[in-house]
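Dear colleague,

I am passing on the structure we spoke about, and I would be glad if you could look through it with the notes below at hand.

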Amino acid sequence: MVRFKSRYLLCEVCFADPRSRQCLEERAVFSGVRDAIARAHGDYGAACCAVSFTVKYLNAYTGILLLRCRKEHYRLLWSALPFIIHLESRGQRQPCRISSIHVGGTIRTCQRFLIRYNRQQLLRMLPGCQSEEERASVHRAVLSCSLKQLEEEGSSRDEDSD
Amino acid sequence: MALFGDLNIVNTTDKRKLKNVIETAAHLGYSTVAINHVVNLQEKKQEIGKPTCVAELFTSPPTVQGKSKPIKIITRLTVVVSEASHCNELRTTSPRTRLYDLVAVHPKTEKLFHTACMTLDVDIIEIIMTEKQQFHFKRPPVNVAIDRGIVFELVYSPAIKDSTMRRYTISNSLSLMNIGKGKNIIISSGAEKPLELRGPYDIANLGLLFGLSEGDAKAAISTNCRKALLHGETRKTAQGVVHTMKKTEVPEDKEEAPASKRARTDDP
């Protein structure tokens, strides 16, 4: 059976200025990554990755990004990601860094990894809590995230809020 | 995979910036980080000073992402040599270099590269990344350096900042790979700001661009870093066999370091 196999790259976007994270848009990321591939790998790279390259998911609050590309060319895309130094949004250049945290074959594996990763991040935030209310809300968030619950709800892909 | 290490974080006088960079490195997953003091002896009035006290930086070092241990911070000295007289500082008996955990040299000419590989007592040899290399690498000194346990370092932050630097970086590293076949290579950041750091898996992928094979690229950020660290320890402790500790009342007797620590071959 012929099936198009893709690779999903789960990445985290970090900005120098935390407030500019909220201005993150899918179009800005798409054009930024496409230009970075063209600069790093030339016309060949731009053409290879243009076949099936999309931004599947973008969470402006946590800075999580899910990119999809073909299985044959995912290394080209992956090796161009470290060279991105800024993203343009609304005419402004925001210096940023994209670091990849997981490569998966399907969206579901990336989702499973992301839930575990977010739970780890919440647990890392726990010692830095300033007040009891913050601590209680982080506790609740950690206990409430689980894949089973999500699978019962359907195929919605929302994570815990920070 | 094994522990990741980033052995080149440029030392700045601004402590907060340095703290930010180290916290970012811990967030990205690096278990070991070296603060690099660069000394360029060609400029006047540059001396090798004392390393920054690591305990002053952090009361409690940040924990590494994905592990429960805190990040390990060590000190490193890089001496940029452009004349033969500068090599005097790097002899074993030099008092200042003993204070640092790792010693690196950045040779600018072919003769100095030859001396660094054969005779100088260093752990890391830094390869020029910001300009086209004037000389070609030769096989004999590179092989001697690999036998001695010296590690070659590729710095990737110039490549991220500028496009022409990217070309020099890739061409210099490809010429090194041709001669050295990818052994004893580490890739490190040379970062001054937290945004210049990249995650370890991204760097392993960059290693593929630099001409390394997949296994070598993964080793470049994990096992070879550990190799350099152990080499630095053996420099301090007489080839890893003797480890002396200062005690307040009675001087501790010599204790054998475990055999697994002796990672490098002895000098003939």
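A residue is called buried here when its relative accessible area is under 20%. Please keep in mind throughout that this is a predicted model.

By that cut-off A104(B) counts as buried, because its relative accessibility is 0%. A104(B) sits in strand 4 of chain B, which covers residues 102–107. Once its neighbours within four places in sequence are set aside, A104(B) is in contact with R76(B), L77(B), T78(B) and V79(B), and also with I124(B). The C-alpha atom of A104(B) is separated by 10 Å from that of N8(B), although the two residues are 96 apart along the chain.

Turning to chain A, its secondary structure comprises 5 helices and 5 strands, and these follow one another along the sequence in the pattern β-α-β-β-α-β-β-α-α-α. Of the 162 residues in chain A, 46% are buried. If one takes the contacts in chain A between residues at least 6 apart in sequence, 70% of them join residues at least 24 apart.

The part of chain A that I examined in most detail is helix 4, which runs over residues 132–144. Helix 4 of chain A has 13 residues and reaches 18 Å from its first C-alpha to its last, close to the 18 Å expected at 1.5 Å a residue. Its buried residues are V138(A), A141(A) and V142(A). Seen down the axis of helix 4 of chain A, these buried residues fall within an arc of 100 degrees, so they line one face of the helix. In general, an α-helix has 3.6 residues a turn, so residues three or four places apart point the same way. On the face of helix 4 of chain A turned away from the buried side, the exposed residues are E132(A), E133(A), R140(A) and L143(A).

What, then, covers the buried residues of helix 4 of chain A? The cover includes helix 3 of chain A, residues 107–125. The axes of helix 3 and helix 4 of chain A come within 10 Å and cross at roughly 160 degrees, which means that helix 3 of chain A is roughly antiparallel to helix 4 of chain A. The crossing in which helix 3 of chain A passes helix 4 of chain A is left-handed. Where these helices of chain A meet, helix 3 contributes R119(A), L122(A), L123(A) and M125(A), while helix 4 contributes V138(A), A141(A) and V142(A).

With best wishes

Technical notes. Residues numbered from 1 in each chain as written. Chains lettered and ligands numbered in written order. Predicted model: local features only at pLDDT ≥ 70, side-chain atom pairs only at ≥ 80, totals over all residues. Heavy atoms only, no water. Helix = DSSP H or I, 4+ residues; strand = E, 2+ residues; numbered from the N terminus. Expected span 1.5 Å × (residues − 1). Buried < 20%, exposed > 50% of the residue type's maximum accessible area, 1.4 Å probe, protein only. Arc of directions from axis to C-beta. Contact = heavy atoms within 4.5 Å. Axes fitted to C-alpha atoms, helices over the stretch in contact; angles between N-to-C directions. Parallel < 35°, antiparallel > 145°, perpendicular 65-115°, else oblique. Left-handed = near helix turned anticlockwise from the far one by under 90°.
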